[in-house]
Amino acid sequence: MVVPVDPTLTDAEVHRRLVYGDETALAEVYALYGGLVRRVAVRVTRSPAAAEDVAQEVFAQLWSRPYAFDAGRGSLRTWLSMLAHRRAVDWVRSEARHRKDARADDSALHAIADTGPGPDETVVDRERSLLLHTALAELPEPQREVVHLAYFAGRTYRQAAVELGIPEGTAKTRLRSALRKLAESLADPPDPALERGA
């Protein structure tokens with residue numbers, strides 16, 4: 001579906017509409033700048049698939065935190081390009097870390113005997129993973145953002161505060177609250193072996 005875009009639309013007007021949760025504004029911004037964001041990302045990542053992921057993250061951030069953009073400090077086009085570049089660089093760094101870790105893991109595998117998990121351990125691990133994802137999904141969005149940055153993107157709470165545009169104390173409080181809720185949600189996960197009467 002082609003979204004009609006008003007050529008007289010100003011960045012300040014788009015920003016105001018995004019802050020008020022106008023989904024049409026997001027669709028218009030995507031129609032205007034989606035191609036640009038993907039081009040910036042693909043130049044850095046050299047991967048069209050990664051560029052799509054980066055574009056999704058960029059527009060998700062614009063939607064969830066429109067106040068991070070300041071029309072008085074520059075154009076929306078420039079801000080989205082900068083954000084796409086930053087996310088793409090993060091992706092490249094993450095991929096390099098994964099490749100390095102994978103090489104180290106491959107080397108280490110030759111030095112140890114196979115002690116892979118048995119069927120019961122695999123079931124318990126899956127249960128724990130499911131519980132964790134469920135608990136994360138139930139967190140309020142501001143807490144989930146800080147947890148994602150701190151534990152999945154490798155940021156300190158200070159870096160997370162800068163990226164989210166919030167005070168350090170707020171980031172620290174959100175992280176503490178989120179961890180407390182996660183600990184409560186994940187306390188004593190059910191053991192599938194016990195439930196089967198094993």
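Among contacts between residues at least 6 apart in sequence, 64% join residues at least 24 apart. This value, like those that follow, comes from a predicted model. The protein has 198 residues, and 29% of them count as buried. Its secondary structure comes to 9 helices and 0 strands. Read along the sequence, the pattern is α-α-α-α-α-α-α-α-α.

The largest nonpolar core holds 23 residues. Those with the most contacts inside this core are Val29, Phe59, Leu62, Leu76 and Leu80. At least two core residues come from each of helix H1 (11-19), helix H2 (23-45), helix H3 (48-64) and helix H4 (76-111). H2 gives the most, with 8 residues. Leucine 62 illustrates the packing. Beyond its neighbours within four places in sequence, leucine 62 is in contact with Leu18, Leu26, Val29, Leu76, Trp79 and Leu80. A second, separate core has 15 residues, and Leu136, Ala160, Leu164 and Ala178 are among them.

Glycine 34 is found in helix H2. This glycine is buried because its relative accessible area is 0%, and the cut-off for a buried residue is under 20%. Leaving aside neighbours within four places in sequence, glycine 34 is in contact with Val29 and Phe59. Both Val29 and Phe59 are listed among the residues with the most contacts in the largest core. Glycine 34 and glutamine 56 lie 22 residues apart along the chain. Their C-alpha atoms are separated by 9.2 Å.

Helix H3 was examined for length and for sidedness. At 1.5 Å a residue, its 17 residues should span 24 Å. The C-alpha atoms at its ends are 24 Å apart, so the model agrees with the expected span. The buried residues of H3 are Ala50, Ala51, Val54, Ala55, Val58, Phe59, Gln61 and Leu62. They cover an arc of only 165 degrees around the axis, and therefore lie on the same side of H3. The face turned away from this buried side carries the exposed residues Ala49 and Gln56.

Helix H7 (157-164) was examined for sidedness as well. The buried residues of H7 are Ala160, Ala161, Glu163 and Leu164. Their arc around the axis is only 165 degrees, which puts them on the same side of H7. Ala160 and Leu164 are also included in the second core. H7 is followed by glycine 165. The phi of glycine 165 is positive, near 70 degrees.

Empty space was examined next. Rolling a probe the size of a water molecule over the atoms shows where such space is left. The largest pocket has a volume of about 740 Å³. Its lining comprises 27 residues. Of these, Glu57, Arg87, His148, Leu149 and Ala153 lie nearest the centre of the pocket. H3, H4, helix H6 (141-152) and H7 each supply at least two residues of the lining. H3 and H4 also each supply at least two residues of the largest core.

Threonine 134 is found in helix H5 (residues 119-138). Its relative accessibility is 35%, so threonine 134 counts as partly exposed. Threonine 134 and leucine 182 are 48 residues apart in sequence. In space, C-alpha to C-alpha, the two are 9.7 Å apart.

Conventions
Residues are numbered from 1 along each chain as its sequence is written. This is a predicted model: local features need pLDDT of at least 70, side-chain atom pairs count only at pLDDT 80 or more; totals for chains, interfaces and linings use all residues. Side-chain values use heavy atoms; hydrogens and water are left out. Helices (H or I, at least four residues) and strands (E, at least two) are DSSP runs, numbered from the N terminus. Buried means under 20% relative accessible area, exposed over 50%, partly exposed in between (1.4 Å probe, protein chains only). A nonpolar core is a set of buried Ala, Val, Leu, Ile, Met, Phe, Trp, Tyr and Cys residues joined through side-chain atoms within 4.5 Å. Contact means heavy atoms within 4.5 Å. The expected span of a helix is 1.5 Å times one less than its number of residues. The arc is that of the directions from the helix axis to the C-beta atoms. On a 1 Å grid over the protein atoms alone, a cavity is a set of points where a 1.4 Å probe fits but cannot get out, and a pocket is an open set with protein on both sides within 12 Å along at least five of seven lines; lining residues have an atom within 4 Å of a point. Grid points are joined across faces, edges and corners, and a volume is the space filled by probe spheres set on the points.
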